[in-house]
Amino acid sequence: MNDEVGDLAERLAREGYGEAGSLRELLPLVYSDLKRIAHFQLLRHVRGSTMSTTVLVHETWARLAGASARAPIEREHFVSLCARVMRQVVIDHARASSAEKRGGGAVHVELQDAAATAEAPAHSLVVLAEALESLQDADPRLARLVEQHWLIGLEVEELAEIHHFSLRTAQRELKRARAWLAELLLP
Amino acid sequence: MSVRLGSAEFHALDALLQHALDLDTDARARWLQSIEKDQPHRAARLRGMLSAAEDEQSDCLERMLDESLWAALAGDSASGQRFGSWRAIATLAHGGMAQVLLAERADGAFVARAAIKCLWPGLASPALVARFEQERQILARLDDARIARLLDGGVRDDGVPWLALEYVDGTSIDVHCDTLRLDVDARIALWFDVAAAVATAHRHLVVHRDLKPSNILVSREGAVKLLDFGIAKLLDPGDFPHASPPTLQEGRALTRCYASPEQLRGESVTTSSDVYQLGLLLYELATGVQPFRSGTAVMQEKNILEMEPPLASQVVAAGADADQRAHTRAATSARLARRLRGDLDAILATSLAKPVQARYVSVDALCADLVRWRRSEPIHARRSSTLRRVGKWLRRNALAAATVCIVVAISTAYAVNTRLQSIAVAEQAERSRVVGEYLGSWMQQADPGRTAGRDLTAGEMLEDGLERARRDLHDQPGLQAEIFSTVSELRITRGEYALAEPVLREADAIYRSLEDVKPDQRGRSAQGLALLLHLSGRYAEAERMSFDAVGQRTSALGGLAHATLFTRQQLGDVLHTRGRYRQSIDTLERALADAREGLGTADSLTANIARNLGDLYRDVGRKDDAMAQYSYAIDALRASHGEQHKYTVIAEIALGRLKLENGDIKEAAAILESAVPRYARIMHVHVSALTYFDRHLAQVDEMRGNLDAAEQRLGRLADSIAHEFRPEHLLFGYFALDRAFIALARDDMSAASGFLDTAARTFDWVQPDGHPRHAEILLGRALIAHARADPAEVTRLLDQAKVLASRELDPAHDLFEALALARSGDCAGVGPAAPSMPVLRVCRALQASQR
């Protein structure tokens, strides 16, 4: 694993973080971490958010950074990389699920408190993937913000730090993002 | 929406969006209207986008991710997974411990569907596996058509335990009822099915413990199905070695707002918890409101443990969405309130009682009472709960118990006597006096200030009295109006304005129609109405009614009578609220002189009038005069009522405010931080006055420079009364004004501007001719103009402020110094001594904008 991480770090340093070749290649290296992130995102409503998903992102980064003395990985680059990988995951899942799309009415079987109307999840993933792609075309910076906040779970303070925004600007940008998401996602 | 957005359209819309985001609420609304004219299509889209932008609570992407991605990722795509002879085809739901998948029979024996409930892979700790096994055993015992059946179950090779449950294609009971707009009776009919299923479980020694709408489905065929015995408990664990009592940690997995008090306390949970939760379900189905739900988990727990739920009959008529909720129940809110009032309220109160032993002993007992209610037969709850409450009250008020006995005896005699035809006039008069005293004594007992808020029974008893008066006293309208007035006055002290108003108006109409009203009753209903209108934020009406009341009182009793002086004090208070400071001072000075003469200086009313007058002196800037009145009032009230009486504490708080506005922060904090909590303790129940006083604690924080703490407290206070009062209520103006100056001190101009607009709306409502407080709003706007380097606007606003302030305020008022400082734009000349509140506010704002 350490070698792999070292290789990844070198490649990132060489190729640049923005255009890191094929994201799919990088996926296996961080996939298990991303799954943990997903699990925590899932649980955050259930038990109150004592554990921030950001902590997990940072843990993963620290692990990778520690393993790659040859080419240090910047935290903010890593965070944006994670967010992009997560977007790829969304798109992959959307493709996979639309391939075997199933119907079914609104079904409510609820366990504890995770609100769950499993209303054609496959469809909403496709819509989501398309919305993310549209946003990526129209305003890549806003798209990054969306990925980092919603997919990785960065809070507004962290977004401000990474983007070198003031807190108010970060809040305003999140509002803007929310507006566009509603426009792109809702029928 | 799968259409890709054209780049040009994106940027055009985005430019508009960005512009709108920088505007405050009012400016945004105006600007949107202007866009609407030439770009109607974009304006509509923008409105949608902006409302999504501001709504952090319901975030569509977050919801979408929760519904589809996280579960899919974490579960690593459930579909295709095998569970025995079942194959998963979709994810239905997910929770912290387990997920629920929709599955089909994989062996092709017959077409069947099931909901597979399984632990997340990797989470299968022995404890959780045991709990799964427990649920399986529980379900295997329960065979009731209304409980989702267990079909199959097992443990997979990878150690994941699973259950196959009857798949219910349906919607949760609350959604079902709302969608079909079922009326209360139809809802209760469904509720009976739920209760019967729970009773069956109880007979099998199983407690559900997590009854809530989302666990109760109604199938497409209209049949009720109970789900999720996942945290169910067996009453007799001896039979089942696996059924270990759940720990508190597991208890926390409960949905908080449906937990019973004993569940929250981690005490043993019995069938009584299900009685409680069925009561809660009934309450919510009938009203559309979850009585304990609250913004924070801490508040919610506190509500569940301590708060008596508001009466369902009151809840249905309260809140901005009352009409909507009534509509989904095929009724009007008034009709709904009538339907629930009385017996159903009592049934709910008994089901939701905090102590287990005060609830119905079983689900069957609860159902039996509800059946009686449906047949309009006498219910048990009312009797037992009234008796229980009276008993409680008697235990707490041993000294008053003798009075109660007398009162009960008198009221019984009264009820008998009214049926006799030949009653001497003298006896009638005597009886009126006695009945008045009877009701009056109840009123005093229910006044939270007197009983430290422990007693709530008098309200119910008076309601009985009211009903009886309505029924029996047709031929004695004077006495009837008297009882109506007494009951309403009581309700006003309890903050039940909506309930008090119609009865009081009825009394008022009766009094006005009568020629011979007893002098001490003349003007009573008008005074009550004036107070009610004042407290509930209808100031112009309150002022008119106050003048009317003073006129009636004076002509009936003369100017020096206690009742007249009290009415005059209230008139002074209304004029104060309305910003007519000079007129109010005039009224109160004359009332005080008359009170000194008529009642003496030791009387608490005299002291209270002096305190009121002190408030006026303070607000117009006559600090020494204010101090003199406060000193007298505090001394007199301490002597007559002691330290712990609400009057004394209110006078102390008034003094604390004076010191605070003077800039004596230390002294002010010492007084306020002791007096405000003392007031809260004395009143015990929440009264709106407390909200006024809490605001001063925020001002202490503000003066000390703890701006965050001050802003947070004010925000909380504003939220806490948002549903209680109409937006024109004076309190909202005060909060907004304070928050505006905090925002200015933080150099947050857009927030400040928004708060100033809100304050302006409130004060313009309170006094359309220009409230003196409006000068402070103009000052705030001048400070914003100063930060934007617009000297012409600064001058214009400050001139306006000065003209407005001069109308009511004394030239020595600190506001004038503050206005001058704002004009100079420089605080360098302010001395080292503690600046007054207006001066400090200006200097902080100027400093902030210079940074």
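**View 1. Surroundings of B:Leu565 in helix α26 of chain B.** The model is predicted; local features require pLDDT of at least 70 and side-chain atom pairs pLDDT 80 or more, while totals for chains, interfaces and linings use all residues. Residues are numbered from 1 along each chain as its sequence is written, and chains are lettered from A, with ligands numbered from 1, in the order in which they are written. Helices (H or I, at least four residues) and strands (E, at least two) are DSSP runs numbered from the N terminus. B:Leu565 is buried because 25 other C-beta atoms lie within 10 Å; a residue is buried with 20 or more such atoms, exposed with 12 or fewer, and partly exposed in between, C-beta atoms being placed from the backbone. Residues up to four places away in sequence aside, B:Leu565 touches B:Ala591, B:Asp594, B:Ala595, B:Gly598, B:Leu599 and B:Leu605, where contact denotes C-beta atoms, placed from the backbone, within 7 Å. B:Arg553 is twelve residues from B:Leu565 along the chain, with 8.9 Å between the two C-alpha atoms.

**View 2. Packing of helices α25 and α26 of chain B.** Helix α25 (residues 539–557) and helix α26 (residues 562–577) pack at an angle of about 160°, their axes 9 Å apart. Axes are lines fitted to C-alpha atoms, for helices over the stretch in contact, and angles between N-to-C directions run from 0 to 180 degrees. The pair is therefore roughly antiparallel, a label for angles over 145 degrees (under 35 is roughly parallel, 65 to 115 roughly perpendicular, and the rest oblique). Residues making the contact include B:Tyr539, B:Phe547 and B:Leu557 of α25(B) and B:Ala563, B:Leu571 and B:Thr577 of α26(B). By class, the contact residues are ten nonpolar, six polar and three charged; Ala, Val, Leu, Ile, Met, Phe, Trp, Tyr, Cys and Pro count as nonpolar, Asp, Glu, Lys and Arg as charged, and the others, Gly among them, as polar. The crossing is left-handed, meaning that the near helix is turned anticlockwise from the far one by less than a right angle; clockwise is right-handed.

**View 3. Packing of helices α7 and α10 of chain B.** The axes of α7 (residues 184–203) and α10 (residues 271–287) come within 10 Å and cross at roughly 165°, so α7(B) is roughly antiparallel to α10(B). This crossing is right-handed. Among the contributing residues are B:Trp191, B:Val198 and B:His202 of α7(B) and B:Asp274, B:Leu281 and B:Ala286 of α10(B). The contact comprises ten nonpolar, two polar and two charged residues.

**View 4. The largest nonpolar core and a second, separate core.** A nonpolar core is a set of buried Ala, Val, Leu, Ile, Met, Phe, Trp, Tyr and Cys residues joined through C-beta atoms within 7 Å. The largest has 119 residues, and B:Leu672, B:Ala740, B:Ala782 and B:Ala801 have the most contacts inside it. Helix α34 (residues 730–745) of chain B supplies the largest share of this core, twelve residues. The second, separate core has 82 residues, including B:Ala195 and B:Tyr258.

**View 5. Surroundings of B:Glu808 in helix α37 (residues 791–808) of chain B.** B:Glu808 counts as buried because it has 22 C-beta neighbours inside 10 Å. Beyond four places in sequence, B:Glu808 is in contact with B:Gly579, B:Tyr581, B:Arg582, B:Val620 and B:Pro772. B:Gln583 lies 225 residues away from B:Glu808 in sequence and 9.3 Å away in space, C-alpha to C-alpha.

How values were computed:
Two residues are in contact if their C-beta atoms, placed from the backbone, lie within 7 Å.
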